[in-house]
Amino acid sequence: MIKVDRLTKKFGGFTAVNEASLEIAAGSITGLIGPNGAGKTTLFNVIAGVHKPSKGHVYLDGEDITGLEPHALFHKGMLRTFQVAHEFFSLSVRENLMMVPDEQPGEALWDVWFNSAKVRDREEQVRIKANEVIEFLEISHVADELAGNLSGGQKKLLELGRTMMVDAKVVFLDEVGAGVNRTLLNTIGDAIIRLNKERGYTFCVIEHDMDFIDKLCDPVIVMAEGSVLAQGTLDEIKANEQVIEAYLGTGLKNRVAS
Amino acid sequence: MENWLNAFALLSNFVIVPAIAYGSQLALGALGVTLVFGILRFSNFAHGDTMSLGTMVVILFTWWFQSMGINLGPLPTALLALPFGIFFCAVFVLLSDRFVYRFYRAKRADPVIYLIASVGIMFITNGIVRFIIGPDDQNFADGERFIIRAREFKEMTGLDQGVTIKLSQGLTFVTMIVVVAALFWFLNRTRSGKSMRAYSDNEDLALLSGINPDKVVAITWIIAAALATIAGTLYGLDKSFKPFTYFQLLLPIFAAAIVGGLGNPLGAIAGGFVIAFSEITITYAYKRFVEYLMPESWEAGGLIQLLSTDYKFAVSFIILLLVLLVRPHGIFKGTGV
């Protein structure tokens, strides 16, 4: 589904991603792991159109999408979340979700003033959808709260909720679990699995929590120093000498052992 | 008692009524500045000249309508010309965005670069306006002049002191209320308005949602142009139109936007009135006001004027400095300067 072909991203003299090639199969939940500074988030940013790559290509279903703007990628069904949760802080949770679907008639000045019936109908559909998502994520009690007042974990849920407002093909999750407590993490994990099974979303997940990876991801891709080091099931990865070496000093060996 | 009423009438005539009208004009101007700041993230120094450009188009259309004998009876013909002014002004700012600001947006330039670019646009706009209509004063008000004349007021109330309310002042206030209500309805209730607020909250996230940034930017410019043209036309009807005066208006307008909290629409309105009332109360000569209230023997020798009207812009400066020192984010919390 997603094919990354020898992607390189340089910031000045520093090479953050170096000739990384990988593939994400349709319908999979692919994990992307690696030590801090391995270039995972930069890779995400390049795929998601935030940065232009220095070299290399990204394909979505065989179509070259290298360097497209983020909102253009959104049209193609490619969504992402942020490592540090982003939200529209002065809008309510429901409004945050209702913001997501594009091409709503209410965006055109003409329709706003002269075609209110059309605007209202579409808005009603979007509202119903938003309420479903709120129900699904079990955040009804804060639905009308300003998103800026949510806790860190609730913001993460909202991030996930945004991806559910449209029929996404592939969703990139950047550390959805960071700073989230165990219970909430399980909720998020369950939501991801359900979205994958029931709606056929393809996920690519950056995560540091190995239990979380274990529960969700197959296959797992390991990055180190800007390149792809290994790919396989989590057990294969754990047994890979190179990977263990890359993680030395960051404690994967211990985590693998336990 | 009657002296008190006379004193109050005097104050209404020379301070309260003019300050409400002037405050409304500043509020509309500051709303434009604050919207551009909140959504496009830069201080648009060209706003004063955008006002003068829009007003110029309104004047040209007004003259054309007058020559054809079209008028609105007691209301000024300029109201009829207003939509045309807004249209041409919107086209102009959209073109300036297309050829100048869009380039910097694509490069994700620093706000200070936009600011300098807007100074350039300011000079160009200023030049265009002077080239087309000339640097002189233009008077384009027609229709009824007054809502209440001083003589009528005196006959009505039996007071010695008259109160005059010009039609342009009443019109300014009413228009301001209508425009502000429409704008707040738009920002809070419609999808476009919410997109604008969303874009202002978090640009990165907006780009990754179904918000079309080009549309948000275009709508922002159209609204800013509409606000500028309306504010400029009302100011021109109330006083007179002179390109240089509009350029000078930039200071009180920015002071109003900053005092209220840049990026906060409610603050812009409050700021407009704070600046207008300060400017007028500080530069008003209170001699006659005091005469009404004090025994005759206390009659003041001077004008009892705190500051000459020549220094009225200094008032905006002082308020601006005080606010920046004491509350850098403005009265209402804005995004900061």
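In chain A, the centres of domain 1 and domain 2, taken over C-alpha atoms, are separated by 29 Å. The domain bounds, which come from an automatic or database domain assignment, place residues 2-86 together with 167-257 in domain 1 and residues 88-149 in domain 2 of chain A. Where these two domains of chain A touch, four residues of domain 1 are in contact with four residues of domain 2, a contact being counted if the C-beta atoms of two residues, placed from the backbone, lie within 7 Å. On the domain 1 side, α2 (70-75) and α7 (182-199) of chain A each supply at least two residues, and the residues of that side divide into two nonpolar, two polar and no charged. In this division Ala, Val, Leu, Ile, Met, Phe, Trp, Tyr, Cys and Pro count as nonpolar, Asp, Glu, Lys and Arg as charged, and the others, Gly among them, as polar.

This is a predicted model, in which local features need pLDDT of at least 70 and side-chain atom pairs count only at pLDDT 80 or more, while totals for chains, interfaces and linings use all residues. Residues are numbered from 1 along each chain as its sequence is written, and chains are lettered from A and ligands numbered from 1 in the order in which they are written.

Taken as a whole, chain A has eleven helices and ten strands, where helices (H or I, at least four residues) and strands (E, at least two) are DSSP runs numbered from the N terminus. Its radius of gyration is 19 Å, which agrees with the value near 18 Å that a compact globule of 258 residues would have; the radius is taken over C-alpha atoms, and the globule rule is 2.2 Å times the number of residues to the power 0.38. Along the principal axes, the C-alpha atoms of chain A fill a box of roughly 65 × 40 × 35 Å. Of the 258 residues of chain A, 44% count as buried, a residue being buried if 20 or more other C-beta atoms lie within 10 Å of its own, exposed if 12 or fewer, and partly exposed in between, with C-beta atoms placed from the backbone. Among the contacts of chain A between residues at least 6 apart in sequence, 65% join residues at least 24 apart.

Within chain A, four strands form an open antiparallel sheet in the order β2-β1-β4-β5, with two strands counted as paired if DSSP finds at least two bridges between them. The edges of this sheet are β2 (14-24) and β5 (63-64) of chain A, each of which pairs on one side only. Strand β1 (residues 2-11) of chain A pairs with β2(A) in the antiparallel sense over seven bridges, and A:Phe11 has A:Phe14 in β2(A) as its bridge partner.

Parallel pairing is found around strand β8 (residues 202-206) of chain A, which is mostly covered, five of its five residues being buried. A:Thr202, A:Cys204 and A:Ile206 point one way from β8(A), whereas A:Phe203 and A:Val205 point the other way, and all are buried. In a regular strand the side chains alternate between the two faces of the sheet. Strand β3 (residues 29-33) of chain A pairs with β8(A) in the parallel sense over four bridges, and A:Gly31 stands opposite A:Val205. Strand β7 (residues 170-174) of chain A also pairs with β8(A) in the parallel sense, over five bridges, with A:Val170 and A:Thr202 as bridge partners.

Chain B contains 13 helices and two strands. Its radius of gyration of 21 Å is close to the 20 Å that the globule rule gives for 337 residues, so chain B is as compact as a globular protein of that length. The C-alpha atoms of chain B fill a box of roughly 70 × 55 × 40 Å along the principal axes, and 46% of the 337 residues in chain B are buried.

Between the chains, 21 residues of chain B are in contact with 24 residues of chain A. On the chain B side, the elements that give two or more residues are α7 (191-201), α8 (203-207) and α9 (213-238) of chain B, and the largest share, seven residues, comes from α7(B). The residues of this side divide into eight nonpolar, seven polar and six charged.

The largest nonpolar core has 168 residues, and those with the most contacts inside it are A:Val222 and B:Ala256; such a core is a set of buried Ala, Val, Leu, Ile, Met, Phe, Trp, Tyr and Cys residues joined through C-beta atoms within 7 Å. Helix α1 (residues 2-40) of chain B gives the largest share of this core, 18 residues.
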